[in-house]
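I am opening this notebook to keep track of what I look up in the structure, beginning with its pockets and then turning to the strands.

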Amino acid sequence: MSTQSETIRRNTVPQIAKRKGGEPIVSLTSYHAHTAAIVDKYADFILVGDSLGMVMHGMDSTVGVPLDLMIMHGKAVVRGTQKALIVVDMPFGTYEESPNIAFRNAAKIMKETGCGAIKLEGGVRMAETIRFLTERGIPVMAHTGLTPQSSHVMGGFKTQGRDKDTWEDHIADAHAVTEAGAFAVVLEGMVEPLASKITKEIAIPTIGIGASVDCDGQILVLEDMLGLNPWTPKFVKVYGQLGPMIEKAVKEYADDVRQRAFPTEDEIYT
Ligand code: KIV
């Protein structure tokens with residue numbers, strides 16, 4: 001009898017880390033088993049991002065996302081996939097207070113979902129925690145630049161690095177998470193030359209979102225690139241028009257029901 005760990009061969013954290021400067025790393029977010037199964041065919045890693053609070057649950061920001069919700073969606077994505085490394089976001093309030101609290105919550109996420117790594121936001125200020133987690137067996141993907149969990153402090157979702165005086169801080173953040181042991185870092189909403197400079201300077205892969213083509217990989221929110229969100233950030237290339245397609249299908253169904261044109265038992269629809 002084969003066990004799950006014998007039959008499932010997922011991308012590992014060291015394999016992703018080794019892609020620095022190599023073949024670009026493909027990643028997307030996913031929150032459900034069915035979309036994750038499709039994404040799994042093409043992505044090197046899948047992020048169960050806390051963006052699910054806004055994208056799926058209609059929240060105004062990611063600040064209100066609870067740990068249990070991340071765990072529930074993390075489990076679904078792990079169940080739906082076989083190949084990609086699964087990374088689960090630590091939500092706001094579950095890791096900032098102390099390395100001990102971060103460890104407790106990160107371990108809970110890993111044990112309950114079966115994911116391969118966690119992601120948390122912050123640079124220099126989170127370096128001690130990143131070191132604490134990685135030294136205790138928890139692989140950490142860092143996230144710097146525009147960090148949505150701090151949107152209240154940042155005054156909204158603003159592109160970072162427009163003022164060159166701030167570059168030094170962003171560069172210090174990237175170096176701090178690298179030295180603390182993060183295996184990769186998401187650079188979100190950052191002016192292109194800054195993201196490009198950071199990518200050249202640090203030893204771990206950078207994963208860009210609204211950052212630079214020079215990043216070692218790219219990530220997008222799946223619903224954004226599928227045209228499922230009524231609003232998408234300017235930098236997103238929309239590869240599908242699922243929103244209008246769903247609306248068309250739902251309207252046709254509603255028309256069929258109202259006109260009593262609904263299929264009968266002996267009509268076969270595939
Ligand atoms: O929560 C999320 O989806 C993210 C990506 C935007 C990187 O953190």
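Which strands each supply at least two residues of the lining of the second largest pocket? Before answering, I note that I am working with a predicted model. The strands I find are β1 (25-29), β7 (206-209) and β8, and β1 gives the most, with four residues.

Entry on the second largest pocket. I read a volume of about 340 Å³ and a lining of 19 residues, with G208, Q218, I219, L220 and Y239 lying nearest the centre. Sorting that lining by character, I get 13 nonpolar residues, five polar and one charged.

Entry on the largest pocket. Here I read about 840 Å³ of space, and among the 34 lining residues the closest to the centre are F157, E188, D224, P233 and F235. I looked up which elements contribute, and α4 (52-55), β4 (117-121), β6 (184-188) and β8 (217-220) each supply at least two residues. This lining divides into 16 nonpolar, nine polar and nine charged residues.

Entry on β7, one of the strands that line the second largest pocket. I checked where its side chains go: T206 and G208 point one way, I207 and I209 point the other way, and all of them are buried. On the β6 side I find a parallel arrangement joined by four bridges, in which L187 stands opposite G208. Following the chain, I see that β6, helix α10 (residues 192-201) and β7 form a right-handed β-α-β unit. With β8, β7 also pairs in the parallel sense, over two bridges, and I207 stands opposite G217 there.

Entry on β4, which I met above in the lining of the largest pocket. Why is β4 largely enclosed by the rest of the structure? Five of its five residues are buried, so the rest of the structure largely encloses this strand. I note that both faces are covered, with A117, K119 and E121 on one side and I118 and L120 on the other.

Entry on the neighbours of β4. Strand β3 (residues 85-89) pairs with β4 in the parallel sense over three bridges, and V87 stands opposite A117. The chain passes from β3 through helix α6 (residues 99-113) to β4 in a right-handed β-α-β crossover. Strand β5 (residues 140-145) is likewise a parallel partner of β4, over four bridges, with I118 opposite V140. I close with the unit made by β4, helix α7 (residues 127-135) and β5, which is right-handed.

Conventions:
Residues numbered from 1 in each chain as written. Predicted model: local features only at pLDDT ≥ 70, side-chain atom pairs only at ≥ 80, totals over all residues. Heavy atoms only, no water. 1 Å grid on protein atoms, 1.4 Å probe; cavity = no way out; pocket = protein on both sides within 12 Å on 5 of 7 lines; lining within 4 Å. Points joined across faces, edges and corners; volume = space filled by probe spheres on them. Nonpolar A, V, L, I, M, F, W, Y, C, P; charged D, E, K, R; others polar. Buried < 20%, exposed > 50% of the residue type's maximum accessible area, 1.4 Å probe, protein only. Pairing = 2+ DSSP bridges. Right-handed = clockwise from strand over helix to strand, strands pointing away.
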